[in-house]
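Please take a careful walk through the model shown below, moving from its loops and backbone to a pair of helices and then to its enclosed and open spaces.

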Amino acid sequence: MPVIGKRYLSVVSLSLGLFVASARTGQVSNQSEAITAETWTSLCIPFSEDAIASANLSQQEQSILPDLCYRPDLTPHVFRSEQDRGIPPGVDCNPIEWCDSYEHCTTVCERGSVVLDPSLQKAVSTQLELSRRLPLCYASLLGTHNSGISLADGYGNLDLAYQHYFRWISWVASEAYLQTNNQFLSLTDQMNLGVRIVELDTHFFDGDLRIAHCGGFHSNLDRLITAFNVLAKLLHHNIRWDSETIGCEPSLSSIPAAEQRTLLTAMQELAQWLAMNGKEFLIVFFDDQMDLASWDMVPILLNVTLSVFPIDTIFTPPELVLIGGVWPSMDELVARGKRVMFVSGADYGLAMNTVIFTKDGTVCGWREPPLRHFVGAPVCSVETNGTYPAEGATLNGQLYRVTTCELQYGPMNCDFIWGASNQPLLDEVSLPEVSRCGLNSPSPDSLTPARAAATIWTWADGHPYDPYSSQNQPLQLWMMLQDLLHSFFVGDDTKAECGAISTIDGRWRAVKCSTILPTACRGGGGEWQLATGVRGTCPPGYAWEVPHHAKENLQLQSLLKFNAGPPVEAAWLPVAGPQWNITWPAAA
């Protein structure tokens, strides 16, 4: 039994050597309550003997008491900040309350209610239409990391409460940050934002297959979770971080195990969305473990899958064999009645391969290199290295899925490394370069409309519906001036209803059809040529087509930039209002 009633100043002084600030600061509700190393020892006093006795702590729990400091200056009952972080800044949606069985709640976006700007919707639709026409191994499909671990479904619901506890733990900076949800928005909203590779972390516990973020033994994390649970007892808070449920020991999200959603309900959400979006095709990636085979749960996984998706709607491994192992396009699959395919991170062999693909080696050479190995334009490759010797140029027929993680466990990053950063991240800064190089599946955490907009390489912001929305762009100023001059001398009052690709940034914009520009002509091998004369007229061997994918768009932009003739501001593309539909192949 530990000694009770003494000040543990020597322990605290030793612990200060481990005092590491989180990579994300400024998240506490009151910055004046942040405790510095200089003031910690004077503020740290032990919990009273009465408080410890009433908490009914186990011997293991009592061993954590030297790490805890009673803070009489803090309010012990704060479960929610005045700045609820369930809805990310800038996201417009219908707010609702997600509450657990103990009525601890977070305000989140109602499923399917996130509002998208019409121009973003058009850009997402355009890029998906192009990707659906390409062989699957050459398609660029936005994904998300741990798609189902979303605050919209309660994962991370108690993060703010537990984050408050950091100020009572001697070896954690008081302003340290806790985030245990990878996503904020529902699966439905993620798919509305263009996600077509959905990752479901699948585990069996509490009598069912569930979507869960479960971890093995991590000494620092386990000690932190023990401290959380002891503090909850000492402060008489009716919460507990689940660390004992067999099959999920511990849960890596602050949500009770029994309240983590079932795989069945997640699959039903995907099926409902597909039923409302008849042209779309989904790839569902099970991030699962071999323990499903050890516990004979693979048949249950198949039963759940087939109870939601009829077998004739699933593209399966045997069907790939029947067509000679050549991957079709998603449009071709949908035309055959296929709407979804499933990929497993674990290889269960014959137990699953009639329905589910194995990730490694069977799906376009699926690889998951780290973002730090990515090289942007003009190289556009994932560097070759000893771990992934096959890595090379993007859109080379090998599927590269890159994920990054933004989870933070106080002083530990997503990989539970003390004091380490989660950088680099797929975010609003890195995604534009990744996307214009055509990486098959960038899969970030914390997807929002702004983050989805960072993956757009086709239509510029506001286009094609608001042609002058991108202020202070040289191309826009040039086109506005040309429009004014043409209108003054010729009297042309037509709308901007023809599409062009800009030399400046490679993005597409709506301009007046009377503007004088060359035509972008595509050769059969994806090479480009600029043609002058009547808009849409190309030389023999070339067709007036849009770029088929992001790298072709980049190559066309490069031609515009380094054109041997007079400077070129833009070139015509075969897209026009009011519908702005893609014509590919070009009409005869």
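Helices (H or I, at least four residues) and strands (E, at least two) are taken as DSSP runs and numbered from the N terminus. In the loop between strand E9 (374–375) and strand E10 (381–382) lies Pro378, which a cis peptide bond with omega of about 5° joins to Ala377. The model is a predicted one, in which local features need pLDDT of at least 70 and side-chain atom pairs count only at pLDDT 80 or more, while totals for chains, interfaces and linings use all residues. Residues are numbered from 1 along each chain as its sequence is written, and side-chain values use heavy atoms, with hydrogens and water left out.

A cis peptide bond also joins His463 and Pro464, again with omega of about 5°, and Pro464 belongs to the loop between helix H16 (449–453) and helix H17 (474–490). Asn146, in the loop between H5 and helix H6 (159–165), has a positive phi near 50° although it is not a glycine. Most residues other than glycine have a negative phi, and most peptide bonds are trans.

Helix H9 (residues 263–276) packs against helix H11 (residues 298–308) at an angle of about 30°, with the axes 9 Å apart; the axes are lines fitted to C-alpha atoms over the stretch in contact, and angles run from 0 to 180 degrees between N-to-C directions. H9 is therefore roughly parallel to H11, a description that applies to angles under 35 degrees. In contact (heavy atoms within 4.5 Å) are Leu263, Leu264, Met267, Gln268 and Ala271 of H9 with Leu301, Val304, Thr305, Ser307 and Val308 of H11.

For open and enclosed space, a 1 Å grid is laid over the protein atoms alone: a cavity is a set of points where a 1.4 Å probe fits but cannot get out, a pocket is an open set with protein on both sides within 12 Å along at least five of seven lines, and lining residues have an atom within 4 Å of a point. Grid points are joined across faces, edges and corners, and a volume is the space filled by probe spheres set on the points. The structure holds four cavities of 30 Å³ or more, and the largest has about 190 Å³ of space. Its lining comprises 16 residues, with Gln127, Ser140, Leu141, Leu142 and Thr455 nearest the centre, and helix H5 (residues 118–133) gives the most, four residues.

The largest pocket holds about 700 Å³ of space. Among its 29 lining residues, His145, Thr403, Thr404, Cys405 and Asp415 are the closest to its centre.

Note on methods: Parallel < 35°, antiparallel > 145°, perpendicular 65-115°, else oblique.
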